[in-house]
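Please open the structure in your viewer and keep the sequence panel beside it, since each stop of this tour begins with something to select.

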Amino acid sequence: MNTILLPTDFSDNSWNAIKYALQLFKNEKCTFTLLNTFTPIFYSMEQTMMYNPETDLQNIVKKNSERRLKQLTNRIKEEFNNPNHVFTSSAVFNILTAEMENLYDKKTVDLVIMGTKGATGLKGVLFGSNTIHTIKRAKFPVLAIPDNFEYEAPHEILFPSDLEVDFTKKQLAPLITIATNHHARVNVLHVSDSQDLSKKQENNIAKLETLLKSISYLLHYKNNKDISDAISQFQIEHRINMLVMINNKHSFFQNVFFKSKVNQIGFHLNIPFLVIPSKKD
């Protein structure tokens, strides 16, 4: 885990996520890139395509963004003076998801860490729109930090899975890195209303156990028709302080998290949530 992207809109929520990132990787040599994306108030996709990059408005907004990124970098260095960490910053005229697509093509990011500010009055239930779009579309692993979450080392990690994923070493690298660095235990949870596993699931378990052999892990099997309820109960009972899932978009992950039109999560998101893309190019 060498290069970590920290999207920021200069809010308290994004600052909280930055603080979490700096503490999570305090003993690791990392390059952190602070990213602020911006568009004019009258933004539309068509206008962006025709927008002149030399216009006064864009230059004014860009300079303001660069100024605030410099202030943010100085604040980080004052409050978290860590020789392991190097910082760069980028002020970009773009929307966040589109800019992340560009960064993916350049293969310059290993992990994204960002806040999850929810809708007013529904903290922990709804993702903010940027986080929703980032998680659903990102080709990077994304670690989402709930609003006002106070940092605690991830000692008990919950990893729910339908065991339909053909696990790979590269895919699980973020999970294994975090678990190794913090001597954490990974709790693999399979929830089903059926007692029997398919041959494919059995093969995937065997592969998963091989990939996790360097860290502490436990396999758990729960019989429950409501997957999100089972995850929520397990989280409370086992004092889980990080949730990790693979975004196998057409089955388990989408069914648990994005059932409704407003993207309501089936349980309160009150711990850091690492989402790993199902496949990499």
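Begin by selecting the two residues D105 and K106, which are exposed and lie on the other side of helix 4 from its buried residues; here buried means under 20% relative accessible area, exposed over 50% and partly exposed in between, with a 1.4 Å probe and protein chains only. What you are looking at is a predicted model, in which local features need pLDDT of at least 70 and side-chain atom pairs count only at pLDDT 80 or more, while totals for chains, interfaces and linings use all residues. Residues are numbered from 1 along each chain as its sequence is written, and side-chain values use heavy atoms, with hydrogens and water left out.

**Helix 4**

Which residues of helix 4 are buried? Select L96, T97, E99, M100, L103 and Y104, which are the buried ones. Looking down the axis of helix 4, you will find that these buried residues fall within an arc of 155°, so they line one face of the helix; the arc is that of the directions from the helix axis to the C-beta atoms. Just after helix 4, select K107, whose phi is positive, near 55°. Helices (H or I, at least four residues) and strands (E, at least two) are DSSP runs here, numbered from the N terminus.

Now show the whole of helix 4, residues 96–106, together with the strands that it lies across, namely strand 1, strand 2, strand 3 and strand 4, and note that the helix runs at about 140° to strand 2. For such angles, axes are lines fitted to C-alpha atoms, for helices over the stretch in contact, and the angles run from 0 to 180 degrees between N-to-C directions. Contact means heavy atoms within 4.5 Å.

**The sheet**

Colour the strands next: 10 of them form an open sheet in the order 3-2-1-4-5-10-9-6-7-8, with mixed pairing. At its edges are strand 3 (85–93) and strand 8 (216–223), each of which pairs on one side only, and neighbouring strands are turned by 25° against each other on average, direction ignored. Two strands pair if DSSP finds at least two bridges between them.

Select strand 5, in which V142 and A144 on one side and L143 and I145 on the other are all buried, so that both faces are covered. Strand 5 pairs with strand 4 in the parallel sense over four bridges, and G115 stands opposite I145 of strand 5. With strand 10, strand 5 pairs in the antiparallel sense over three bridges; to see this, display L143 opposite L274 in strand 10.

From strand 10 (residues 273–277), move to strand 9, which runs parallel to strand 10 and is joined to it by five bridges, with M245 opposite V275 in strand 10. How many of the residues of strand 9 are buried? Six of its six residues are, with M242, V244 and I246 on one side and L243, M245 and N247 on the other. Strand 9 (residues 242–247) also pairs in the parallel sense with strand 6 (residues 156–160), over two bridges, and here L158 stands opposite L243.

**Helix 1 and the loop after it**

Select helix 1 (residues 12–24), which lies across strand 1 (3–7), strand 2 (30–38), strand 3, strand 4 (111–115), strand 5 (142–145) and strand 9, and runs at about 120° to strand 5. In the loop between helix 1 and strand 2, pick N27, which is exposed, with a relative accessible area of 59%. Measuring from N27 to P83 in the viewer should give 9.6 Å, C-alpha to C-alpha, for two residues that are 56 apart in sequence.

**Aromatic rings**

The structure holds seven aromatic pairs, where rings of Phe, Tyr and Trp (its six-membered ring) pair if their centres lie within 6.5 Å, and planes under 30 degrees apart count as stacked, over 60 as edge-to-face and the rest as tilted. Among them is the stacked pair of F32 and F87, at 5.6 Å centre to centre with 20° between the planes. This pair links strand 2, which holds F32, to strand 3, which holds F87, across 55 residues of the chain, and both residues are buried. Then select Y20, F149 and Y151, which form one aromatic cluster.
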